[in-house]
Every structure is written in structure tokens, then in C-alpha cells.
Amino acid sequence: MNLLASMRYLVALNEHRHFGRAAQACHITQPALSNALRALEAEFGVVIVQRGRTYAGLTHEGERVLSTAQRMLREHAMLQQELDSGAGRPQGTLRIGAVPTAMPIVARFAALLQARHPGIAPVVRSMSSPEIETELEGLSLDIGLGYTDRLGARGLRLDALAQYTERYYYVRRRSAAGGTEGLRLCTPMAWRDAGARPLCLLTEEMHNRTIVDSAFAMAGLQVKPAIETNSILTLALSVVVGEVCSILPGALVDAVRGYGELEACPLEHPDVRTPVGFMTVAGTRPSRVLAAALELAREDGWRQHAARHSGSFTVEPPAD
């Protein structure tokens with residue numbers, strides 16, 4: 001039995017909650033995965049997986065084996081990075097999770113990191129806040145970019161590194177055809193006025209939707225969106241081609257600045273601003289690759305770059 005491979009299969013099963021999908025992720029057949037897990041149970045003399053017609057979770061003993069498996073795989077990855085990396089030349093994969101509204105920023109971060117350290121291969125995934133927090137604690141992610149105001153309330157063992165402040169904009173299609181200047185920035189609008197229009201908003205499980213709903217509640221409104229989606233691209237494109245408006249974070253407004261068909265109004269009353277930062281597991285030694293990422297994340301130049309592309313921008317309206 002290859003113990004390390006069997007531990008990897010166990011971690012994959014816990015992540016995917018399905019034998020077939022876990023086997024596919026590990027590039028093996030489902031019978032091979034099941035046989036490896038049974039061999040692992042025989043090795044330790046305990047039942048690890050609760051089996052029924054479908055995957056039913058891990059036993060108490062299985063959870064303990066899983067915790068050890070996660071640590072083993074992390075240490076193995078760190079050792080491999082140490083062996084592959086020369087002085088000042090980190091080598092290896094960096095697993096990054098980011099909330100959908102932060103994807104324009106994390107894309108810039110990953111590109112700059114890879115340009116500085118060609119040996120680093122970032123793997124960027126769009127994930128919900130609970131998914132990021134769970135996979136960080138389970139060591140399936142190296143670093144996450146998301147809403148750091150959640151950490152204190154949930155008592156998570158994660159360290160946060162502030163990056164930028166998320167601001168919110170009401171985005172609509174322009175009444176007149178836009179020119180070549182791109183998206184137009186309008187005068188501020190109250191949340192109450194924005195809530196009176198048909199809106200495309202993120203789905204309820206997304207933390208950004210919780211922020212938007214709370215802002216409307218503070219304005220005395222309960223809004224039922226005309227369209228709901230878990231895709232930030234859909235938020236913008238539904239406004240371009242449909243009859244709806246949307247509430248977008250500044251990072252996404254910056255990403256669609258080339259759309260001359262759109263105009264964006266900063267939202268006020270209330271003035272809502274949400275901190276976004278990188279998160280890592282507290283109290284653990286970072287790998288060479290993660291240390292390089294954190295070094296970039298702490299640099300003033302990068303943070304200024306992130307701020308410029310997350311809503312702290314000025315778009316001049318066209319001359320009349």
C-alpha cells in the first residue's frame with residue numbers, strides 16, 4: 001500500500017463528498033480509490049468511511065486520520081518545494097481561493113506573482129466564503145482572498161492580511177449610446193433609490209449578497225431581485241443586454257470600464273465599505289511559495305495597485 005497516495009485519496013473524498021468525483025480528481029478509477037481506502041482501514045484497524053448507497057461521511061476515527069492526512073500532504077508539498085527551489089527561486093504550486101467579487105484583484109495578484117517568480121504556478125479558484133475558510137483549515141488551500149470581517153465572528157484560526165476596501169456601485173445601461181471613453185461614473189445614489197429598480201444580484205449563499213441585503217435593510221427596504229446568479233460576469237452582462245440594473249463591487253466595476261454602454265453610481269446612505277484581505281492558517285510555517293506570495297501581498301506598491309482597481313478610481317464623465 002502506498003500510504004501517501006491513500007491519504008491523498010482520503011483528502012479528495014472528504015473534499016468532493018462523492019466516490020466517483022474523488023476518483024476522477026485523483027485520476028484513478030472508483031474501484032481503485034475504494035480499494036485504497038479499505039487498505040488504509042486495514043492498516044489502522046478502524047473504519048474510516050461511513051458507507052451506504054452513497055458517501056455518508058467519515059467516522060470519528062476517520063476524522064482523526066483525515067487530519068493527519070492533511071498535515072502529511074502539506075509537509076510533503078513543502079518538502080518538495082524546498083528540494084526543488086534554489087536560493088531566492090521558489091518552485092511549486094500555490095493554491096489560491098477567492099470570493100467571486102475579488103476575482104479581478106486575485107487575477108492581477110497571481111499574474112504579478114508568477115511574473116516575479118516564474119517557478120510558482122498559481123492555481124486560482126472562485127469559491128464562496130465558507131468554502132475558502134473550510135479548505136484553508138483543511139489545508140486544501142494555501143491562501144484565500146475574501147471578507148476578513150467574518151473571521152472574528154466565526155472564531156476561525158486564520159490570520160488576515162488587509163488588502164483593500166470593497167465599495168459598491170449601482171450599475172445601469174446608459175440612456176444614450178456610450179462613446180469611446182468607456183464606462184461613465186455618475187453622481188452618488190442612495191441605496192433606497194437603487195432598490196426601487198429591477199436588479200440582478202448574487203445568490204443568497206454568497207457573502208456579498210448578505211452585505212447588499214444588509215445595506216438595503218438599513219435603507220428600510222427588502223429587495224427581491226429580478227435575476228439571481230453566482231457568476232460575477234453575469235451581473236455585468238445582464239445589465240449590458242437586458243432590462244435590469246445591478247449592484248457591483250468596485251473591483252468588478254473597474255473590470256468592465258471598457259463598456260461604454262454602462263454607467264456606475266457610487267452608493268451612499270448608508271456608506272458601506274467592507275475589508276477584503278488574504279487569509280492563511282494561523283500558527284503554521286509557510287512554504288517557500290506561500291512566503292513569496294505573502295511578501296508580495298505586504299508590499300505597498302501591490303496594495304496601491306489593488307486599491308486603484310477595486311473602486312478607488314475616477315472616471316470622468318464625457319463633455320456635453
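Let's start with the sheet: five strands form an open sheet in the order S4-S3-S5-S14-S6, and the pairing is mixed. Please keep in mind that we are looking at a predicted model. Which strands sit at the edges of this sheet? They are S4 and S6, and each of them pairs on one side only. If you compare neighbouring strands of the sheet, they are turned by 20° against each other on average, ignoring direction.

Now zoom in on one pair inside that sheet. Strand S5, which covers residues 143–147, pairs with S14 in the antiparallel sense, over four bridges. You can pick out one partnership by eye: tyrosine 147 has valine 276 in S14 as its bridge partner. Remember tyrosine 147, please, as we will meet this residue again.

What lies across the strands S3, S4, S5, S6 and S14? That is helix H6, and H6 runs at about 150° to S5. In the sequence, you will find H6 at residues 129–137.

Next, two helices that meet. Helix H5, residues 103–116, and helix H12 have axes that come within 11 Å and cross at roughly 120°. Is that crossing left-handed or right-handed? The crossing of H5 and H12 is right-handed. On the H5 side, the residues that meet H12 are Phe109, Leu112, Leu113 and Arg116. On the H12 side, they meet Ala292, Ala293, Leu296 and Ala297. By class, this contact has seven nonpolar residues, no polar ones and one charged one.

Let's turn to the empty spaces. The idea behind this part is friendly enough: rolling a probe the size of a water molecule over the atoms shows where empty space is left.

The largest pocket has a volume of about 1,100 Å³. How many residues line it? There are 43 of them, and those nearest the centre of the pocket are Ala77, Arg95, Leu139, Ser140 and Asp142. Several helices and strands each supply at least two residues of this lining, including helix H1 (3–16), helix H2 (19–26), strand S3 (92–98) and strand S14 (274–281). Which element gives the most? Helix H4 does, with nine residues in the lining. By class, the lining of the largest pocket has 18 nonpolar, 15 polar and 10 charged residues.

The second largest pocket holds about 320 Å³ of space. Its lining is made of 15 residues, and Asn14, Glu15, Arg17, Thr134 and Glu135 lie nearest its centre. H1, H4, S4 and H6 each supply at least two residues here. So you can see some familiar names: H1 and H4 also each supply at least two residues to the lining of the largest pocket. The class count for the second largest pocket is three nonpolar, six polar and six charged.

Then there is a cavity. The structure holds one cavity of 30 Å³ or more, and the volume of the largest cavity is about 30 Å³. Here is where tyrosine 147 comes back, as Tyr147 is one of the residues that line the largest cavity. The others in that lining are Val99, Pro100, Thr101, Ser129, Leu202, Met206, His207 and Asn208. By class, we have five nonpolar residues, four polar and no charged ones.

I'll finish with two details of the backbone, both in loops. Where is proline 270? Proline 270 is in the loop between strand S13 (262–268) and S14. The peptide bond leading from histidine 269 to proline 270 is cis, with omega near 10°.

The second detail is at histidine 27, in the loop between H2 and helix H3 (30–44). Phi of histidine 27 is near 60°, which is a positive value in a residue other than glycine. Do try to find both loops on the model in front of you, and thanks for listening!

Note on methods:
Residues numbered from 1 in each chain as written. Predicted model: local features only at pLDDT ≥ 70, side-chain atom pairs only at ≥ 80, totals over all residues. Heavy atoms only, no water. 1 Å grid on protein atoms, 1.4 Å probe; cavity = no way out; pocket = protein on both sides within 12 Å on 5 of 7 lines; lining within 4 Å. Points joined across faces, edges and corners; volume = space filled by probe spheres on them. Nonpolar A, V, L, I, M, F, W, Y, C, P; charged D, E, K, R; others polar. Axes fitted to C-alpha atoms, helices over the stretch in contact; angles between N-to-C directions. Left-handed = near helix turned anticlockwise from the far one by under 90°. Contact = heavy atoms within 4.5 Å. Pairing = 2+ DSSP bridges.
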